[in-house]
Amino acid sequence: MSARLDRIDLKMLRLLQNNGRLSNAELAETVAISPATCHRRTQRLFEDGFIATVRAMVAPKKVAKGTLVMVGVVLDRSTPESFASFEQAIAKLKFVLDCHLVAGDFDYFLKIRVGDMEDFNRIHGEQLIALPGVRQTRTFFVMKEVVDNAPLEF
C-alpha cells in the first residue's frame, strides 16, 4: 500500500468501491472533510491510478446475457509470439469479459457472458476455436454465481 494513502483516502476508496454513485458532498460528509478537499482527494486518487474507472454494473439477465461461461484455453505453442498473437485477437472480442494468462493445465482462462447455451455454441464454433494458436478449449457453464466481482478488501 502506498505511503501516499492516509486513513481518509482508504475510507474514501472503500466507500466509493461499495457505492460509486456517492456524490462528492455525501462522500465528504461521511469522511468528515470539506467538499473541496474531498474533490481534490478524489481527483488525486484517479490521477494516481488508485481508481481506474467508474461504471455501472449492468444486471446480465436484464440485457439477455444471463449465462456465464468460463473457458480454459490451451495454445499449441508456448512462445512469446503465440501468446502475443492470441492476446491481440482475444482483446477484440466484445463478448469476452475477462482473459487471464494462468499457470497450470490451461494457458488462458476466459470469462464470457452469453444469452444461452446455443449462443455460446455459435460463438465457440465461429470465433473461439478460430483464434490464433488455439489447440484446445474446455468449457465450464456456471450453474450459480456465489461471489462475483466482490469489493477488494484493504
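User: How do β2 and β3 pair, and over how many bridges?
Analyst: In this predicted model, β2 and strand β3, the latter covering residues 108–114, pair in the antiparallel sense over 5 bridges.

User: What links those two strands, and which residue in the turn has a positive phi?
Analyst: β2 and β3 form a hairpin with 6 residues between them, and the turn holds Gly104, whose phi is positive at about 120 degrees.

User: Which residue is the bridge partner of Cys99 in β3?
Analyst: The bridge partner of Cys99 in β3 is Leu110. As for its surroundings, Cys99 counts as partly exposed, because its relative accessibility is 30%, and partly exposed is the class between under 20% and over 50%.

User: And Cys38, buried or exposed?
Analyst: Cys38 counts as buried, because its relative accessibility is 0%.

User: How many disulfides turn up in the whole structure?
Analyst: A search of the whole structure finds 0 disulfides.

User: Back to the sheet, then: what is the strand order?
Analyst: The sheet is open and has 4 strands in the order β2-β3-β1-β4, with antiparallel pairing. Its edge strands are β2, at 96–101, and β4, at 134–141, each of which pairs on one side only. On average, neighbouring strands of this sheet are turned by 20 degrees against each other, with direction ignored.

User: What holds paired strands together in general?
Analyst: Strands of a sheet pair through backbone hydrogen bonds, and the pairing can be either parallel or antiparallel.

User: How many bridges are there between β1 and β4?
Analyst: Strand β1, which spans residues 67–75, pairs with β4 over 7 bridges in the antiparallel sense. To give one position that you can look up in the model, Leu75 stands opposite Val134 in β4.

User: Changing topic: where is His124, and what is it in contact with beyond its sequence neighbours?
Analyst: His124 lies in helix α5, which runs over residues 117–128. If neighbours within four places in sequence are left aside, His124 is in contact with Ile129, Thr137 and Thr139.

User: With which side chain does the side chain of His124 make a polar contact?
Analyst: The side chain of His124 makes a polar contact with the side chain of Thr137, at 2.8 Å.

User: Is His124 buried or exposed?
Analyst: His124 is buried, because its relative accessible area is 17%, and buried means under 20%.

User: How far is His124 from Val69, C-alpha to C-alpha?
Analyst: The C-alpha atoms of His124 and Val69 are separated by 11 Å, and the two residues are 55 residues apart along the chain.

User: What does UniProt place at residues 5–66?
Analyst: The UniProt record, an unreviewed entry, places the feature "domain: HTH asnC-type" at residues 5–66. In the model, the chain over residues 5–66 is 53% helix and 0% strand, with its end C-alpha atoms 38 Å apart.

User: What about backbone angles, which sign of phi do most residues have?
Analyst: Most residues other than glycine have a negative phi. Ala32, however, has a positive phi near 65 degrees, and Ala32 is found in the loop between α2 (24–31) and α3 (35–47). Ala32 is also exposed, because its relative accessible area is 67%.

User: And what is phi for Asn149, and where is that residue?
Analyst: Asn149 has a positive phi of about 55 degrees although it is not a glycine, and Asn149 is in the segment after β4. With a relative accessible area of 55%, Asn149 is exposed.

Definitions and conventions:
Residues are numbered from 1 along each chain as its sequence is written. This is a predicted model: local features need pLDDT of at least 70, side-chain atom pairs count only at pLDDT 80 or more; totals for chains, interfaces and linings use all residues. Side-chain values use heavy atoms; hydrogens and water are left out. Two strands pair if DSSP finds at least two bridges between them. Axes are lines fitted to C-alpha atoms, for helices over the stretch in contact, and angles run from 0 to 180 degrees between N-to-C directions. Buried means under 20% relative accessible area, exposed over 50%, partly exposed in between (1.4 Å probe, protein chains only). Contact means heavy atoms within 4.5 Å. A polar contact is a pair of N or O atoms within 3.5 Å; within protein, one must be able to donate a hydrogen and the other to accept it, and residues adjacent in sequence count only if both atoms are side-chain atoms. A disulfide is a pair of cysteine sulfur atoms within 2.5 Å. UniProt positions are given in the numbering used here, feature names are shortened, and annotations may be inferred rather than shown by experiment.
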